[in-house]
Amino acid sequence: MATHRLGIVMHGVTGRMGLNQHLRRSVAALRADGGVVLSNGDRVVPDPLLLGRDDAKLAAIAEETGDAYTTDYDAAIGSSEHRLFFDAGTTLMRSDLLGRAIETGKHVYCEKPLAAALADARTVSAQADRAGVKAGVVMDKLFLPGLIKLGALVSDGFFGRILSVRIDFGYWVFTGEGAPSNRPSWNYRQRDGGGIIFDMMAHWRYVLDRLIAPVRSVVCLGATHVDQRWDEAGTRYTADADDAAYAVLQLDGGVVAQVNSSWCTRVNRDDLAVFQVDGTQGSAVAGLTWCRTQSIDDTPRPVWNPDEPQAGQFRDQWTAYDPDRTYPNGFRAQWEQFIRHLYGDAPWPYTLREGVKGVELAEAALESSRRRAWVDLEGGGP
Ligand SMILES: NC(=O)c1ccc[n+]([C@@H]2O[C@H](COP(=O)([O-])OP(=O)(O)OC[C@H]3O[C@@H](n4cnc5c(N)ncnc54)[C@H](O)[C@@H]3O)[C@@H](O)[C@H]2O)c1
């Protein structure tokens, strides 16, 4: 049984996602566990080259992981020692970097959104198809235990006919005044590719398309609730990107999804993101790790009586749905699947074409907000 070295140029590893989710929890963790074992018993051991602008930051990370690093973009992208290019850097550079990597024959894998504009997303996806390279976009929410459980209920037909979906996502993001913010400042500046619509619609597209039904139309109101924030250096700036999005989506089969995403709300629900699916035969609600159901047989008949408090707790009327299995870190699981796919050992549905759809929904939601109108996605209305 052979051991294969997989050279990966990793860009954006000085950032939150690149460092924590992709380098530490996925690539370095897989290597520490001896690599990815293929079905024929061969092992694939990732060997990253860390690429970025900041020599000192890269050196500190390389010290921790023992990897090589460089600030020379041309040399790294052109390197024949590395078959795969991965990007978790700023969204604004993504499609250009991927395009350059594909030109040199590299396979590519990247964070969402695939590009900062739909035209660029389509161009790079078509380029990957033409070059025949293997290519993928991170769709981590599909690997959340809560959504895996929800997906299993859909496959089992638990819901009967699915009627509607409600996604409630968000938490308070501090302005950065006096104490550091809990998100990067570029998220709140349009010119840097910020905005919650672009950030979150890229997720909601694949979640809804793959778990429930294809998204057909969107109406969305974006808002910039907090317009003054303080950056990483403590300097005040104008926050001109949307920091909340209130959307309604129509899906195939008449399913309606209400989707709220906000960085200006305080959590009074059971998780940072809560997903509820209502169907004729039952409903389920899921967070990041958990899922609870209420079948038609368990559905109460509440009585509206404003003179008396409710006798029971509605939340107690739900049943934990907890199949007996374990769930690896989702980013790591998707990396493992992509690496298997590179070696012809796993199916790969998370293609750049799928990534294009996330950017399509983001642009449609922005257009809807601007025009105060419904916008249909490619393939028409519902
Ligand atoms: N999958 C998810 O759940 C998820 C969550 C958050 C962010 N993201 C995506 O991950 C990407 C990074 O987001 P983040 O939150 O880690 O941001 P971050 O600000 O922490 O990291 C950004 C990275 O890009 C690099 N960068 C920024 N400007 C650059 C430039 N001009 N030249 C070279 N490098 C530059 C930074 O050095 C850093 O490495 C974004 O595309 C974002 O949409 C995905």
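How far does a polar side-chain atom of His-203 lie from an oxygen atom of the ligand? The distance is 3.4 Å, in what should be understood throughout as a predicted model. The tour below begins at the ligand and proceeds through a pocket and two cavities to two points of backbone geometry.

**Stop 1: the ligand and its polar contacts**

Select the ligand and display the side chain of His-203, whose polar atom supplies the 3.4 Å contact just described. Next, add Thr-14: an N or O atom of the Thr-14 side chain is 2.6 Å from a ligand oxygen. For Thr-90, show the backbone, since a polar backbone atom of this residue stands 3.1 Å from an oxygen of the ligand. Considered alone, the ligand exposes 840 Å², and the protein buries 83% of this area.

**Stop 2: the shell around the ligand**

Extend the selection to the 24 residues around the ligand. Those that come nearest are Thr-14, Arg-16, Thr-91, Asp-140 and Trp-186. Colour the shell by class, and 8 nonpolar, 8 polar and 8 charged residues will appear.

Which helices give two or more residues to this shell? They are H1 (16-32), H4 (91-103) and H7 (196-211). Helix H4 makes the greatest contribution, with 3 residues.

Now colour the model by domain, taking domain 1 as 3-139 + 330-349 and domain 2 as 141-328 + 359-376. Both domains give residues to the shell, and the ligand therefore lies between them.

**Stop 3: the second largest pocket**

Select Arg-166, Gln-276, Val-285, Arg-315 and Trp-318, which lie nearest the centre of the second largest pocket. The full lining comprises 20 residues, and the volume of this pocket is about 500 Å³.

Four strands each supply at least two lining residues: E8 (162-170), E13 (256-262), E14 (273-279) and E16 (291-295). Strand E8 provides the largest share, 3 residues. By class, the lining is made up of 8 nonpolar, 6 polar and 6 charged residues.

**Stop 4: the largest cavity**

The model has 2 cavities of 30 Å³ or more. In the largest cavity there is about 70 Å³ of space. To find it, select Lys-112, Pro-113, Leu-114, Val-137, Val-138, Met-139, Ala-202, Tyr-206, Glu-354, Gly-355, Gly-358 and Val-359, which form the lining.

Helices H7 and H9 (352-371) each supply at least two of the lining residues, and H9 gives the most, with 4. The lining divides by class into 8 nonpolar, 2 polar and 2 charged residues.

Why does the largest cavity lie between domain 1 and domain 2? It does so because both domains give residues to its lining.

**Stop 5: the second largest cavity**

Select Leu-147, Leu-150, Val-165, Ile-167, Val-207, Leu-208, Leu-211, Ile-212, Phe-275 and Val-277 to outline the second largest cavity. Helix H6 (145-155), strand E8, helix H7 and strand E14 are the elements that give two or more residues to this lining. Helix H7 gives the most, with 3 residues.

The volume of the second largest cavity is about 40 Å³. Its lining consists of 10 nonpolar residues, with no polar and no charged residues.

**Stop 6: two backbone features**

Return to Lys-112 and Pro-113, both of which line the largest cavity. Display the backbone here: the peptide bond from Lys-112 to Pro-113 is cis, with omega near -15°. Pro-113 belongs to the loop between strand E6 (107-110) and helix H5 (118-131).

Finally, select Arg-372, in the loop between H9 and strand E18 (375-376). What is the value of phi at Arg-372? It is near 55°, a positive value in a residue other than glycine.

Note on methods: Residues numbered from 1 in each chain as written. Predicted model: local features only at pLDDT ≥ 70, side-chain atom pairs only at ≥ 80, totals over all residues. Heavy atoms only, no water. Near = heavy atom within 4 Å. Polar contact = N/O pair within 3.5 Å; in protein donor to acceptor, adjacent residues only side chain to side chain. Areas by Shrake-Rupley, 256 points an atom, 1.4 Å probe, with all protein chains shown as cover. Nonpolar A, V, L, I, M, F, W, Y, C, P; charged D, E, K, R; others polar. Domains from an automatic or database assignment. 1 Å grid on protein atoms, 1.4 Å probe; cavity = no way out; pocket = protein on both sides within 12 Å on 5 of 7 lines; lining within 4 Å. Points joined across faces, edges and corners; volume = space filled by probe spheres on them.
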